Number of protein chains: 2
Amino acid sequence: MADDLFKALADPTRRTILDELSEKSGQTLFEICSRLSMKHRLGISRQGVSQHLAVLEAAGLVQTRREGRYKFHDLNTAPLRRIAERWLVPDSSGPEENTS
Amino acid sequence: MADDLFKALADPTRRTILDELSEKSGQTLFEICSRLSMKHRLGISRQGVSQHLAVLEAAGLVQTRREGRYKFHDLNTAPLRRIAERWLVPDSSGPEENTS
DNA sequence: TTGATAGGCAAGCTTGTAGTTGCCTATGCT
DNA sequence: AGCATAGGCAACTACAAGCTTGCCTATCAA
């Protein structure tokens, strides 16, 4: 559950993909591929990117919609909000808060 | 930089350690060990926990202070705030350079 | 129908990393 | 001094994860 989310974020290439989708949503696999190689000089195969997208989708960070032969990818930031709340929120049951 | 942070959070045992330090700060290595095995039924060696703490410290999530033969561990949530902001905020300055 | 484009599946290689075991240092108590 | 406690270091094992290659399916245009 949370495991998928944190593992998805652990890879720098996946974080770059999130950056790209954050900048322009609704990109196809090939569009993401070319941007990674052009803008970020990332030498990675199409299948590599596809696998990263699968991981991001399993984590709920990316949602997809199919239209004809195109598959569009959209960023979903909802899961990210839960991350911060786990430790940042001064929990009622926990004794101390450490803001240092 | 950010790489250390995300990789530190990728492991479920390390996240549990953060939970423990969030509940009670200033714990020693042995204290964390016994809590992991008691409360969380985590069968892990002392050295295993020690290595996890080193990763968390490298990520800036845990700070340590030494007193005599004791080494106390404190949670530092500051790095967590930057995570959410990376994608949650539709940033005005435009997109990246890559911070990973 | 043929060819080109967009994407998927699965096996295999390789590196990274969690975990262990064994031994070593430092502090404190009696 | 002697012993127990708290922690550190290094080598080794085992499994997970990133990435590639090769082949397959689906959609659309000429």
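Reader: What makes the approach of A:Arg69 to a base oxygen of DNA strand C a polar contact?

Author: In this predicted model, a polar side-chain atom of A:Arg69 lies 3.3 Å from a base oxygen of DNA strand C. A polar contact requires a pair of N or O atoms within 3.5 Å, so the pair formed by A:Arg69 qualifies.

Reader: How do you know that A:Leu29 and A:Phe30 also make polar contacts with DNA strand C, and which part of each residue is involved?

Author: The backbone is involved in both cases. A backbone N or O atom of A:Leu29 lies 3.4 Å from a phosphate oxygen of DNA strand C, and a polar backbone atom of A:Phe30 is 3.1 Å from a phosphate oxygen of that strand. Both distances fall within 3.5 Å, so both pairs are polar contacts. Chain A gives two or more residues to the surface near DNA strand C from each of helix H3 (29-38), H4 and strand E2 (70-75), and chain B does so from H2 and H4. H4(B) gives the most, with four residues.

Reader: What makes a residue part of the surroundings of DNA strand C, and which residues come closest?

Author: A heavy atom of the residue must lie within 4 Å of the strand. On that basis 23 residues surround DNA strand C, and the closest are A:Phe30, A:Lys71, B:Arg14, B:Ser45 and B:His52. By class, the residues of this surface divide into four nonpolar, 11 polar and eight charged. Of the atoms of DNA strand C within 4 Å of the protein, 66% belong to sugar or phosphate and the rest to bases.

Reader: Which residues come nearest to DNA strand D?

Author: Of the 23 residues around DNA strand D, the nearest are A:Arg14, A:Ser45, A:His52, B:Phe30 and B:Lys71. Sugar or phosphate accounts for 64% of the atoms of DNA strand D within 4 Å of the protein, and bases account for the rest.

Reader: Why are the approaches of A:Lys7, A:Arg14 and B:Arg46 to DNA strand D called polar contacts?

Author: A polar side-chain atom of A:Lys7 lies 3.0 Å from a phosphate oxygen of DNA strand D, and one of A:Arg14 lies 2.5 Å from a phosphate oxygen. For B:Arg46, a polar side-chain atom lies 2.9 Å from a base oxygen. Each value is within 3.5 Å, so each pair counts as a polar contact. The largest share of the surface near DNA strand D, four residues, comes from H4(A).

Reader: Why is the pair B:Arg86 and A:Asp19 called a salt bridge?

Author: The closest N and O atoms of B:Arg86 and A:Asp19 are 2.7 Å apart. A salt bridge needs a side-chain nitrogen of Lys or Arg within 4 Å of a carboxyl oxygen of Asp or Glu, and therefore this pair qualifies. Four salt bridges are found across the interface of chain B and chain A, and six residue pairs between these chains are in polar contact. On the side of chain B that touches chain A, H2(B) supplies the largest share, seven residues. That side has 11 nonpolar, eight polar and 10 charged residues.

Reader: How do you know that chain B and chain A are in contact?

Author: Contact means heavy atoms within 4.5 Å, and by this rule 29 residues of chain B are in contact with 26 residues of chain A. The two chains bury about 2,700 Å² between them, 56% of it on carbon and sulfur atoms.

Technical notes:
Residues numbered from 1 in each chain as written. Chains lettered and ligands numbered in written order. Predicted model: local features only at pLDDT ≥ 70, side-chain atom pairs only at ≥ 80, totals over all residues. Heavy atoms only, no water. Polar contact = N/O pair within 3.5 Å; in protein donor to acceptor, adjacent residues only side chain to side chain. Buried area = accessible area lost by both parts, 1.4 Å probe. Nonpolar A, V, L, I, M, F, W, Y, C, P; charged D, E, K, R; others polar.
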